[in-house]
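Open your viewer and get your selection tool ready. This tour goes from one stop to the next, telling you what to select and what you will find there.

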Amino acid sequence: MWEILQNPIFQITIRSLHISGTATLLSTLWSLPLGILIGMKSFPGKQFAKGIFNALLGMPTVALGLILYLLFSRTGALGFLHLFPSPQAIIIGQAILVTPIIVSLTTSAVESVDPEIADLAKTLGASELEASLAVLRESIGGVVLAIIASFNRAIAELGVALAVGGNIRGFTQVLTTTIALEVNRGKIEYSIHLMIILLAIVFTITLLTNLLQRRIK
Amino acid sequence: MKTLIELKKIKKSYKEITALDDVSLKIREKEIFTVVGPNGSGKTTMLKIMAFIDEPTSGEVFFYGEKISNRNQARKKSTMVFQKTTLFSTTVYKNVAYGLKLRGYSKKETEEKVKEALSLVKLVGYEKRLAKKLSGGEQQRVSLARALALNTQLLLLDEPTANLDPKNVSIIEETISRVNREFKTTIVMATHNMFQAETLTNRVALLLGGKIAQIGTPQEILRGPSINLASFARLENVFSGKSKIVQEGTSVIVVDDGLKIEAALKKSGKVTVFVRPEDIIVSKKIMSSSARNVFKGKIVEVSDFGPVVKLRVDAGKDFVVQITKRSFVEMQLNVGSTVFLTFKASSVHLI
């Protein structure tokens with residue numbers, strides 16, 4: 001047992017799950033309310049806001065990584081935080097990276113709910129708040145999908161983790177950074193092991209979500 | 001009789017459009033009140049104001065004489081069934097239980113009330129089914145049960161039987177009159193269906209262009225001569241012509257292009273009549289029956305409303321007929337098919 005815990009592959013896997021999981025949850029804190037708000041309310045500039053988040057969906061991870069590196073490095077504007085290099089810096093970076101995914105997918109999930117649902121809840125006795133909750137419950141499938149897609153994007157990205165984490169052994173090494181660098185060093189077999197683990201995580205989570213979505217109905 | 005809900009000088013505008021214009025109306029306790037009118041006349045808006053979902057632009061709403069200012073609280077007094085069946089994507093049970101949960105009923109009370117409501121609409125045993133997987137008629141019955149479970153003083157129905165097949169229509173109509181009879185529920189219903197307005201209800205209001213044009217008993221509104229009713233846009237199969245009494249009890253109406261319609265009416269001179277689309281039987285071969293009117297025609301248009309299909313048939317004049325989707329498929333009908341239309345002289349109604 002101790003051996004497994006000491007195994008670098010195991011440690012890297014756990015670190016990856018921990019960093020990307022935390023990043024996704026952190027991002028959910030602000031992205032989910034934001035997505036719901038954009039989806040439910042009508043306000044001037046709504047289309048513009050949606051457009052911005054849609055455009056940011058395609059943000060290249062290396063670009064975000066570079067920007068964060070410039071901010072977090074010792075001479076950067078946020079250098080005083082001493083976050084470079086650290087797992088915390090990767091968490092912040094990935095949280096920013098997945099924000100547009102959660103916001104956009106949540107917005108469209110909420111918007112796709114039958115517009116009569118809010119009125120229906122109200123006529124059955126719901127207050128404005130309870131009616132909003134009813135709409136949210138109808139869009140739950142889309143919201144869960146948004147969060148899962150974000151996690152998958154976070155755990156599979158390389159640019160941010162490499163730029164602000166630096167692939168330091170036993171500290172900021174995650175699955176993607178390790179694969180990238182070990183391939184360069186010719187350790188193909190080791191890389192393939194890591195790749196299989198990465199794929200297994202992504203596929204398992206997607207599969208579980210599908211099953212879960214069927215159960216909640 | 002006591003007034004349950006009163007609308008006083010209600011006006012509702014959406015930006016440029018005025019949906020309701022100075023509507024004042026008193027609904028009496030325990031009555032079934034019908035609102036008829038063409039599409040866009042403001043029926044739904046009026047119901048939504050009585051359901052306390054929409055706020056009027058101006059005017060006041062009174063419930064048992066008390067002015068309603070807090071719509072959040074007032075909402076528990078009335079409940080509405082929408083024209084477009086709207087369901088939560090969950091089981092039948094959870095759909096029906098939703099409003100009960102909001103009212104804080106215990107699990108056991110909720111179970112009892114859900115069961116009672118489902119038995120009213122004949123859907124006991126459907127509790128665990130996914131509501132959205134049911135047929136159109138069953139879905140509408142779930143919506144009705146969901147409203148009935150709450151047993152509110154006021155029940156608002158927006159065209160509850162629109163686009164349903166006859167079996168579901170009769171279950172819903174039966175439920176409506178039973179609820180009114182047994183639970184003394186006051187019901188306000190919007191409908192296009194003249195027959196419902198006539199047979200189910202105590203009073204009828206005719207809404208035209210956001211204003212109440214007429215209000216009275218079904219006989220006064222539907223039987224009496226009325227210019228308003230003649231302009232009722234959605235009324236189909238409306239024919240004007242000269243009527244002649246031929247035998248005791250029936251008249252032959254010669255419509256402009258020479259079409260002759262036999263009607264169980266005693267009236268001569270210029271008349272306008274209508275035949276309900278669901279009263280016309282469609283067959284591929286000529287039928288021998290007691291029905292006095294048989295016309296041969298060609299289908300010129302098919303519109304699909306889910307469980308029912310509406311056909312426009314050119315038989316000298318355009319007739320709109322309504323049949324179930326199943327009949328439509330089994331008879332292998334399509335645009336261009338030749339069909340015979342059959343209806344009874346007693347299905348011809350005078351406007």
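We begin with the two chains, then visit their contact, the cores, a sheet and a single loop residue.

**Stop 1: chain A.** Please keep in mind throughout that this is a predicted model. Select chain A and colour it by secondary structure: you should find 11 helices and zero strands. Following the sequence from start to end, the pattern is α-α-α-α-α-α-α-α-α-α-α. Turn the chain along its principal axes and its C-alpha atoms fill a box of roughly 65 × 45 × 25 Å. Of the 217 residues in chain A, 41% are buried. Among contacts with a separation of 6 or more, 75% involve residues 24 or more positions apart.

**Stop 2: chain B.** Now switch to chain B, which has 10 helices and 20 strands. Its radius of gyration is 22 Å, close to the 20 Å that the globule rule gives for 351 residues, so chain B is as compact as a globular protein of that length. Along the principal axes, the C-alpha trace of chain B spans about 65 × 45 × 40 Å. Buried residues account for 41% of the 351 residues here. Taking contacts in chain B between residues at least 6 apart in sequence, 66% join residues at least 24 apart.

**Stop 3: where the chains touch.** Show both chains together and select the contact, to which chain A gives 14 residues and chain B gives 20 residues. On the chain A side, the elements that give two or more residues are α6 (116–123) and α7 (128–138) of chain A. Which of them gives the most to this side? That is α6(A), with six residues. Colour the chain A side by residue type and you get four nonpolar, three polar and seven charged residues.

**Stop 4: the cores.** Next, select the largest nonpolar core, which has 117 residues. The members that touch the most other members are A:Val164, B:Met50, B:Val96, B:Ala145, B:Leu156 and B:Val188. Helix α5 (residues 87–111) of chain A gives the most to this core, with 13 residues. Zoom in on B:Ala145 and, leaving aside neighbours within four places in sequence, look for its contacts with B:Val96, B:Ala117, B:Leu118, B:Leu120, B:Val121 and B:Leu123. Apart from the largest core lies another core of 22 residues, and you can locate this one by selecting B:Ala263, B:Val309, B:Phe319 and B:Phe343, which are among its members.

**Stop 5: an open sheet.** Stay in chain B and display the five strands that form an open sheet, in the order β13-β12-β11-β14-β20, with antiparallel pairing. At the edges are β13 (260–263) and β20 (348–350) of chain B, each pairing on one side only. From one strand to the next, the twist averages 45°. For a closer look, select β11 (residues 238–247) and β12 (residues 250–255) of chain B, which pair in the antiparallel sense over six bridges. Here B:Ser243 stands opposite B:Ile253 in β12(B).

**Stop 6: a proline in a loop.** Finally, centre on B:Pro277, in the loop between β14 (269–275) and β15 (281–283) of chain B. Why does B:Pro277 count as partly exposed? Because 17 other C-beta atoms lie within 10 Å, whereas a buried residue needs 20 or more and an exposed one has 12 or fewer. Draw a distance from B:Pro277 to B:Asn237, 40 residues apart along the chain, and their C-alpha atoms are separated by 7.3 Å. Not counting residues up to four places away in sequence, B:Pro277 touches B:Glu236, B:Asn237, B:Lys310, B:Val320, B:Val321 and B:Gln322.

Methods
Residues numbered from 1 in each chain as written. Chains lettered and ligands numbered in written order. Predicted model: local features only at pLDDT ≥ 70, side-chain atom pairs only at ≥ 80, totals over all residues. Core = buried A, V, L, I, M, F, W, Y, C linked by C-beta atoms within 7 Å. Helix = DSSP H or I, 4+ residues; strand = E, 2+ residues; numbered from the N terminus. Contact = placed C-beta atoms within 7 Å. Nonpolar A, V, L, I, M, F, W, Y, C, P; charged D, E, K, R; others polar. Pairing = 2+ DSSP bridges. Axes fitted to C-alpha atoms, helices over the stretch in contact; angles between N-to-C directions. Rg over C-alpha atoms; globule rule 2.2 N^0.38 Å.
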